[in-house]
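Trainee: I've got a structure on my screen and I'm not sure where to begin. Could we walk through it together?

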Amino acid sequence: MAKAYSNIATIILLFLLSMSLRFHQTLATQKNNGKHSLVLGLTNSRASLLIPSASKSSIKEPSETLDMMEPLREVRDGYLISLNIGTPTQVIQVYMDTGSDLTWVPCGNLSFDCMDCDDYRNNKLMSNFSPSRSSSSCRDTCASSFCLNIHSSDNPFDPCTMSGCSLSTLLKSTCSRPCPSFAYTYGEGGLVTGILTRDTLKVHGSSPGIIREIPKFCFGCVGSTYREPIGIAGFGRGALSVPSQLGFLQKGFSHCFLAFKYANDPNISSPLVIGDVAISSKDNLQFTPMLKSPMYPNYYYIGLEAITIGNSSLTEVPLSLREFDSQGNGGLLVDSGTTYTHLPEPFYSQLLSILQSTISYYPRAKEVEERTGFDLCYRVPCPNNTFTDDLFPSITFHFLNNVSLVLPQGNHFYAMSAPSNSSAVKCLLFQSMDDGDYGPSGVFGSFQQQNVEVVYDLGKERIGFQPMDCASTASAQGLHKK
């Protein structure tokens, strides 16, 4: 899973998915006027998460202002949020992805098909949504702005015209015919096909027993995918995104990802906060401005000026990591849906050379590099097969507006396995950027965002960073069951 870009889905893949039409994803934006706050959580287990029972008096309509909380789960390649959809509620685990807009869930107990997803066969996370079991579920229509949005890469009227809508009803947004099926592509080759569906979404209040209902929340009901086995909650800025539909585009959200060691721990969750509470009282944070990508305006780009290794002098990065070319390529994309940070060549190789010259006290573990695909691995001593503080140099990212972020320990070199024979191998979890000349020049991935509070101030178009013990923050917000 990674960034979502507005590529045209190829005829071959669509044929494999038995689709007769080609459609495209959207990059449109939508004005919102919401006045609410949400506190969500990212949890770290593989167990199903149940919503608390609530009386009618505890169910709040969207017109009321309140904070809310949900658990987000950490798994091997991302962070999951529970979507509580339908009447009665069905709980579906999906990835939280700041690099895309569309929220979609697998649909159909037996009919959902994921091609090239063998690693996820029989995965307990693959719960599917059944529209027929929800009394509040309905298919979106051609009168909906979301339908035009999902088909907006070319002429957005084309699909509904082919479905039989007259020009008059299209111009007046009154055509009641079902919104045609769509195809949505992702930057690393993933593809999903499905139909736009409306249903009630429930999110939790920060106070126990409080639930907010979002009627007619729009999402993709997906029947076929290629390399996308688990649904996605899009946290970009497009009309279909979660922040847009919940009314927070003029406010913001923040997250504090737990360290990888908590993955699959059912007792602790990463806090995800949405609304006023996410951006208030943040004067202690350093904020760097968001860059407006002419190619992908809905996603979160920032400018990277330099990287420091240990106490060495600044290593300047290419201009492409802090500005866009005439076609809109460039910038550093902040993406929770990409696991590791990616940097462009030849800068990435230069960074590896500096690290190699700095780390002369540990032997290379080239056999592990060959096996894992990581470019820089070292064998470190572990007395009594116990991890101790290592001597790897710090890595500091310097963003625009004099913002510096020292990556927390464990966010660059990470152990590939438990210690054995009084040693263990740790590898640099950075990667080279593929197709660096098209789209973003680099990606700031979720692994490097662990134990960092990341604040997306959408109203002021800026992103803040602050190193933080996210486990302690989770405990303070009631997301740690002891």
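Trainee: Let's start with the open sheet of three strands: in what order do the strands come?

Mentor: Keep in mind that this is a predicted model. The pairing in this sheet is antiparallel. β21 (377-381) and β24 (413-415) stand at the edges with a single partner strand each, so one side of each has no neighbour in the sheet. Read across, the order is β21-β25-β24.

Trainee: And which residue of β25 stands opposite Y414?

Mentor: Look at where β24 meets strand β25 (residues 423-428): the two run antiparallel and three bridges join them. Neighbouring strands of this sheet are turned by 35° against each other on average, if you ignore direction. The residue opposite Y414 is C427.

Trainee: There's also an open sheet of four strands. Which strands stand at its edges?

Mentor: Here too the pairing is antiparallel, and the order is β18-β17-β22-β23. An edge strand has a single partner, so one of its sides is left without a neighbour in the sheet. That picks out β18 (315-316) and β23 (403-406).

Trainee: What stands opposite I309 in β22?

Mentor: Find strand β17 (residues 304-309) and strand β22 (residues 395-399), which pair in the antiparallel sense. Five bridges link them. Opposite I309 you'll see I395.

Trainee: Which helix packs on that sheet?

Mentor: Follow the chain to residues 347-358. That helix touches β17, β18 and β22, and its direction makes about 20° with that of β17. With twelve residues, it reaches 17 Å from its first C-alpha to its last, close to the 16 Å expected. The helix is α7.

Trainee: Within what arc do the buried residues of α7 fall?

Mentor: Buried here means under 20% relative accessible area. In α7 that gives F347, Y348, L351, L352 and L355. Seen down the helix axis they line one face, because they fall within an arc of 145°.

Trainee: Which residues have the most contacts inside the largest nonpolar core?

Mentor: That core has 67 residues. α7 gives the most to this core, with five residues. The residues with the most contacts inside it are I307 and F465.

Trainee: Leaving aside its neighbours within four places in sequence, which residues of α7 does I307 contact?

Mentor: Start from the contacts of I307, which include L314, V317, L343 and I395. Now check for positions that fall in α7, residues 347-358. Among the contacts of I307, those are F347 and L351.

Trainee: How many residues of strand β11 are buried?

Mentor: Strand β11 covers residues 211-226 and is largely enclosed by the rest of the structure. One of its partners is strand β10 (residues 191-204), paired in the antiparallel sense over 13 bridges. Of the 16 residues of β11, the buried ones number 13.

Trainee: In which sense do β6 and β7 pair with β11, parallel or antiparallel?

Mentor: Three bridges join strand β6 (residues 104-106) to β11, and the bridge partner of V105 is C221. Strand β7 (residues 113-115) pairs with β11 over three bridges, with C114 opposite T225. For β6 and for β7, the sense is parallel.

Trainee: Last one: what percentage of the whole protein counts as buried?

Mentor: The protein has nine helices and 29 strands. Residues 24 or more positions apart account for 74% of the contacts with a separation of 6 or more. Of its 482 residues, the buried share is 56%.

How values were computed. Residues numbered from 1 in each chain as written. Predicted model: local features only at pLDDT ≥ 70, side-chain atom pairs only at ≥ 80, totals over all residues. Heavy atoms only, no water. Pairing = 2+ DSSP bridges. Contact = heavy atoms within 4.5 Å. Axes fitted to C-alpha atoms, helices over the stretch in contact; angles between N-to-C directions. Expected span 1.5 Å × (residues − 1). Buried < 20%, exposed > 50% of the residue type's maximum accessible area, 1.4 Å probe, protein only. Arc of directions from axis to C-beta. Core = buried A, V, L, I, M, F, W, Y, C linked by side-chain atoms within 4.5 Å.
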